[in-house]
Every structure is written in C-alpha cells, then in structure tokens.
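Open the model in your viewer and keep the selection panel at hand. The stops below go from the ligand to the sheet and then to the helices.

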Amino acid sequence: MIAIKPHHFVDILTALGEGHVEFQPHAYGHALHCVAEAILRDGNALLRMELGADDICQPCCHNLDGSCNDTIDTSFRPEAPKSKREWNLLIDRRWCERLGLAQDDCLTAREFCLRLRESSEDISDIYREMPRAGVLERQAKLQKGISLFLAKTAPVP
Ligand code: SF4
C-alpha cells in the first residue's frame, strides 16, 4: 500500500500529461520517482490517503520528524502561505473535499483517477491563489494525464 498526499497523485498525473514517462531522482532525495513509477505501472496499486508526510516525503531532506520544513515561492501567489506544509495541506484538503476523500481512505490508483475524471473539469477553485493562465495549463495537462493513465491501465476484456 502506498501512502500518498492527494495532490501528489494529481501532480503525477499532471506530469504524465505533460509527457513525463520517466521520473528522475530529485536533489531533495524524496521518493517521487519511485512512487510515480509504482503507480504508473499498476492501476491496481492501493493508495492510502495521507495528508501529512507520505511515502514520497519519507526520504526527503525537508521531512523533519514528519513535518515539511520547506517553503514555497510566493512571488506569483502572494495569498498563499509561505510554508510548504501549510500550502500542501490547503490544497490537499480542497482535493479531499472535491473528491469525497479523507485521511486514511484507501482506494486503487485507477479508482482515484476515475474520481478525478468526474471532478477535475475546473480546478481553478482548488488553485485559487495561483495565476489563472498557469492553472488552465495545469488543468489541460491533468486532463491529458487522466486519459493516458486510464487508457494504459484499462482492464483487459
Ligand atoms: S512535501 Fe516537503 S517533505 Fe514532502 S517531498 Fe515535498 S519538500 Fe519533501
């Protein structure tokens, strides 16, 4: 079972829609590349919703005893909190509300993706602190990533 922040799963699909089929290790040492590969090769991968430090965060240099000590760039989103922990929590709570999910809920990657397909036509409210043009771009990539993931994990008849 993979513990994952809802927005991390959304980010993986968005990256897929952007054309990322391979994920490289990051300077922070986090496990995005491992988790993304595990999810993208198996639509039945079981996910547990985690709004704190998830499996991606575990090896990250910014994970201090389960709390992220990183900051975000607020130059283009002045209304957003500077703390990445607070920002992530804000976005994750909005995704949970949108998708009917809560801490510790379990579902497969494909089930999560199907919920997203039904609920992600307009994501501007979730990323309301961000410039609209960037959100529209993100939304288009996410839609593409959702379609690609559902196609590649479709059950064999
Ligand atoms: S949320 Fe923080 S701890 Fe988790 S991967 Fe990102 S920077 Fe690292």
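**Stop 1: the ligand**

Select the ligand and its shell: Tyr-28, His-30, Ile-56, Cys-57, Cys-60, His-62, Asn-63, Cys-68, Asp-70, Lys-84 and Asn-88 surround it. A residue is near a molecule or strand if its C-beta atom, placed from the backbone, lies within 6 Å of it. Coloured by class, this shell shows five nonpolar, four polar and two charged residues. Here Ala, Val, Leu, Ile, Met, Phe, Trp, Tyr, Cys and Pro are nonpolar, Asp, Glu, Lys and Arg are charged, and the others, Gly among them, are polar.

Residues are numbered from 1 along each chain as its sequence is written. The model is predicted: local features need pLDDT of at least 70 and side-chain atom pairs count only at pLDDT 80 or more, while totals for chains, interfaces and linings use all residues.

**Stop 2: the sheet**

Next, show the open sheet, which has three strands in the order 1-2-5 with mixed pairing. Strands (E, at least two residues) and helices (H or I, at least four) are DSSP runs numbered from the N terminus, and two strands pair if DSSP finds at least two bridges between them. At the edges are strand 1 (2–4) and strand 5 (106–108), each pairing on one side only. On average, neighbouring strands of this sheet are turned by 35° against each other, direction ignored.

Zoom in on strand 2 (residues 46–49): three bridges join it to strand 1, and the two run parallel. To see one bridge, pick Ala-3 and its partner in strand 2, Arg-48.

**Stop 3: helix 4**

Add helix 4, which lies across strand 2 and strand 5 and runs at about 90° to strand 5. Axes are lines fitted to C-alpha atoms, for helices over the stretch in contact, and angles run from 0 to 180 degrees between N-to-C directions.

Now add helix 5 (residues 132–152), whose axis comes within 10 Å of that of helix 4 (residues 109–119), crossing at roughly 140°. Select Cys-113, Leu-116 and Arg-117 of helix 4 with Ile-146, Phe-149 and Leu-150 of helix 5 to display the contact (C-beta atoms, placed from the backbone, within 7 Å). By class, this contact has five nonpolar, no polar and one charged residues.

**Stop 4: helix 1**

Where does helix 1 cross helix 5, and at what angle? The axis of helix 1 (residues 6–17) comes within 6 Å of that of helix 5, at roughly 90°. Among the residues to select are Val-10 and Leu-13 in helix 1, and Leu-142 and Phe-149 in helix 5. The residues of this contact divide into seven nonpolar, four polar and three charged.

Conventions
Contact = placed C-beta atoms within 7 Å.
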